[in-house]
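Biologist: Could you take me through one helix slowly, and then show me what lies around it? I'm new to this, so please explain the terms as you go.

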Protein chains: 2
Amino acid sequence: MSAAFKVLPEPPGLPEPLPEPPVGELRLEEVLGALSSPLRLTIVRRLLLESEEFDHSCQWFGLDRPKSSLTHHFKALREAGVTRQRQYGLERRSQVRVEDLNARFPGLLALVAAWTPEPGALSPEL
Amino acid sequence: MSAAFKVLPEPPGLPEPLPEPPVGELRLEEVLGALSSPLRLTIVRRLLLESEEFDHSCQWFGLDRPKSSLTHHFKALREAGVTRQRQYGLERRSQVRVEDLNARFPGLLALVAAWTPEPGALSPEL
DNA sequence: CCGTCAGTACGAGTCAAGTCGAACTTAGCA
DNA sequence: TGCTAAGTTCGACTTGACTCGTACTGACGG
């Protein structure tokens, strides 16, 4: 009914998700704050639109930033409740918490999916 | 069709709005950033839900903050494109740009209207 | 004309966020 | 056992928000 993003199938035996706020404790101001940056909007939008299979490691995005900066942003997204992260060996993969976000903030992910970076922006992505 | 908030009627001969970004230049990241604070969410939500007549002066909210702080936040909301402000004599009244926001970011205002301050928050409003 | 009242402008202090380099941790693999 | 690669942690720096006091502006009423 509402915006239909793939709710990714979860094969059994997944690694436990890293610490994240439960659905009931998602706060709108935190989520909006986490999404109020072009870089993080890019990350979430690409997870929504280009996720063909399952979740994705940090380097899948090919973002041109030092590793420590990416850690910072992925952590911010997870701690706000926007993404879920799981550890696969060395990789830490992210996915959007589509079900949770649709339940608590219906319509929000559609806005993120429709977003496009500012025309004159000096490619924060790639 | 989408969330139906009152689009306030505009009597003729209104004072010109203060400078604001045009509809086409509203940026999601700016709008989300402006809304990522409990105080400003309170302001916008009350404008949406408790506006019985027309727009409202700053002191209508009865926010317990110094005047200069309020100026700061009302200006932030206007510059992000969330609110429109007009000068009526001494008063500067605010309204939410319902039509513009619904056109560019459908569903966003519904999320704001449904928001409630954190239970344990030490009353940033009143 | 002078006070009052709504709100702005300015400036300073504080604090959190973003940015990044460098060192560390750990899985997998030779 | 030792290398490599993915990502974290730490600390330092910079930048920008938020907060607020004080001084200012400009409209209105006597």
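Modeller: Let's start with α3(B), where B:Phe74, B:Leu77, B:Arg78 and B:Ala80 are buried. Buried means that 20 or more other C-beta atoms, placed from the backbone, lie within 10 Å of the residue's own; with 12 or fewer it's exposed, and in between partly exposed. Helices (H or I, at least four residues) and strands (E, at least two) are DSSP runs, numbered from the N terminus. Keep in mind that this is a predicted model: local features need pLDDT of at least 70 and side-chain atom pairs count only at pLDDT 80 or more, while totals for chains, interfaces and linings use all residues. Residues are numbered from 1 along each chain as its sequence is written, and chains are lettered from A and ligands numbered from 1 in the order in which they are written.

So what covers those buried residues of α3(B)? Among the elements that do are α1 (28–34), α2 (38–50), β2 (83–88) and β3 (91–96) of chain B. Contact here means C-beta atoms, placed from the backbone, within 7 Å.

You can check the helix's length too: α3 of chain B has 14 residues (67–80), so at 1.5 Å a residue it should span 20 Å, and its end C-alpha atoms agree, being 20 Å apart. The expected span is 1.5 Å times one less than the number of residues. Right after α3(B) comes B:Gly81, with a positive phi near 95°.

Now for the DNA. Around strand C there are 21 residues, and the nearest include B:Ser68 and B:Thr71; "near" means a C-beta atom, placed from the backbone, within 6 Å of the strand. α3 and β3 of chain B, along with α3 (67–80) of chain A, each supply at least two residues of that surface. The largest share, five residues, comes from α3(A). DNA strand D is surrounded by 20 residues, with B:Ser68 and B:Gly89 among the closest. There, α3 of chain B, plus α3 and β3 (91–96) of chain A, each give at least two residues.

How do the two chains fit together? A rotation of 180° with 0.0 Å of shift along its axis superposes chain A on chain B, with an RMSD of 0.0 Å. That's the relation of a two-fold axis. The fit is by least squares on C-alpha atoms of residues with pLDDT of at least 70 in both copies. Their contact takes 17 residues from chain A and 17 residues from chain B, and α1(A) gives the most to chain A's side, with four residues.

Notes:
Contact = placed C-beta atoms within 7 Å.
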